[in-house]
Amino acid sequence: MNIMKVKTIAVLTSGGDAPGMNTCVRAVVRSACAYKIKVIAVMNGLQGLIDGDFHEFGPRNVSGIVHKGGTILGTARSKEFRTKSGRKKAAKNIINAGIDALVIIGGDGSFRGGHELNKDFGIPFVGLPGTIDNDMYGTDFTIGFDTAVNTAVQAIDKIRDTAESHHRLFFVEVMGRHSGAIAVESARAGGAEMALIPEVKTDLNALIKSIREQKDAGKKSAIIIVAEGDDAGSATEISEKVYKIVGAKGHVCVLGHIQRGGHPSARDRTLASRLGNAAVKALKSGKTNVLVGELKGSIAFTPVTTVVKKKKKADLKLEQLARLLGT
Ligand code: ATP
């Protein structure tokens, strides 16, 4: 794309909401305004493109949101966008509104959607990684991950108080249908005894052996973090299986959607601000159809075709460290 042609961009948030999305929207809007690019805010994710729910934004429209969880633009999981006829409606609205390119803040599903729109109708876009899962190829961290981990760790700290007082075994379920990133990071930071994650086959007998050995060595309580997508089942199912094998009753706490909410951490805000600005600069310089991420501290552009094909897995060295330090 010719750099002189980017006069109007649109920004939207898509997929699951993540803390820091608002900070990122603010960075995109204010950067674009600073570079004299018109910005359209699209409500309710990719569905908003189909509905033509467009609003011109200026710097004042993003006042007071830097610290707010959720997304002021709303988000959606749109079935219609998965169809070519839905994307055709979206493309028509985009062209009619004079939008030159999109900034999509979301997870890999949202980029798959953007990629399909681009393939079918040539609409350029850049992606920004906004998801708590940290499973995205092309960035070391996603916007929202740090906050979600901090929320999980605060909960683990509280559960430990009661677990130690009552000498209890707890299974704490955290989000992660396909990725153990939140489980591993929160287990390590929360001092949990173990993390059960989709990337590693769970051996319940080994788990029980380890809990017994730790008890014999003087441990008064145990906290096992379970990623919701673990192959042995949910925290409730695993607790029931353990009960059937050894008769030891574990208590279950499912953190659920509280992990998505709350004020974004300073780290997420910094990342969101940096990436939001880099996305606008990328469009200005003619870069499109890339994920704008951060790798080893530097801004990195990865083709969306690569991002949607590859999946970043949880760092198994962290899982092993959590296990070692939890003994
Ligand atoms: P999270 O990581 O929080 O789940 P996500 O962006 O991966 O975020 P998805 O629900 O997978 O969330 O995707 C968001 C939306 O992107 C979907 O609701 C759908 O509208 C669109 N989408 C996903 N995959 C495709 C696809 N293959 N073709 C067209 N649209 C798609």
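Which residues of strand E4 point one way, and which point the other way? In this predicted model, Ala101, Val103 and Ile105 point one way from E4, while Leu102, Ile104 and Gly106 point the other way, and all of them are buried. Buried here means that a residue has under 20% relative accessible area. Because 6 of the 6 residues of E4 (residues 101-106) are buried, this strand is largely enclosed by the rest of the structure.

The partners of E4 come next. Strand E1 (residues 8-13) pairs with E4 in the parallel sense over 5 bridges, and within this pairing Val11 stands opposite Val103. E4 is also joined by 5 bridges to strand E5 (residues 125-129), and these two strands run parallel as well; here the bridge partner of Gly106 is Pro129 in E5.

From the strands we can move to the nonpolar interior. The largest nonpolar core has 60 residues, and those with the most contacts inside it are Ile9, Val103, Leu128 and Ile225. Helix H5 (residues 145-166) gives the largest share of this core, 9 residues. Since domain 1 (3-144 + 264-307) and domain 2 (148-260) both give residues to the core, it lies between them. Ile9 shows what such a position involves: leaving aside its neighbours within four places in sequence, Ile9 is in contact with residues including Val28, Ala32, Ile99, Ala101, Val103, Val280 and Leu283. A second, separate core of 24 residues includes Ala10, Ile40, Val42 and Leu291.

Helix H8 (residues 235-246) offers a different kind of example. This helix has 12 residues and reaches 16 Å from its first C-alpha to its last, which is close to the 16 Å expected at 1.5 Å a residue. The buried residues of H8 are Ala235, Ile238, Ser239 and Val242, and because they cover an arc of only 100° around the axis, they lie on the same side of H8. The general background is that an α-helix has 3.6 residues a turn, so residues three or four places apart point the same way. The buried residues of H8 pack against strand E6 (169-174), strand E7 (194-196), helix H7 (204-216), strand E8 (222-227) and strand E9 (250-254). Just after H8, Gly247 takes a positive phi of about 75°.

A last stop is the hairpin of E10 and E11. Strand E10 (residues 290-295) is joined by 6 bridges to strand E11 (residues 298-303), and the two run antiparallel, with Phe301 in E11 as the bridge partner of Val292. The hairpin has 2 residues between the strands, and in it Lys296 takes a positive phi near 50°.

How values were computed. Residues numbered from 1 in each chain as written. Predicted model: local features only at pLDDT ≥ 70, side-chain atom pairs only at ≥ 80, totals over all residues. Heavy atoms only, no water. Core = buried A, V, L, I, M, F, W, Y, C linked by side-chain atoms within 4.5 Å. Buried < 20%, exposed > 50% of the residue type's maximum accessible area, 1.4 Å probe, protein only. Helix = DSSP H or I, 4+ residues; strand = E, 2+ residues; numbered from the N terminus. Domains from an automatic or database assignment. Contact = heavy atoms within 4.5 Å. Expected span 1.5 Å × (residues − 1). Arc of directions from axis to C-beta. Pairing = 2+ DSSP bridges.
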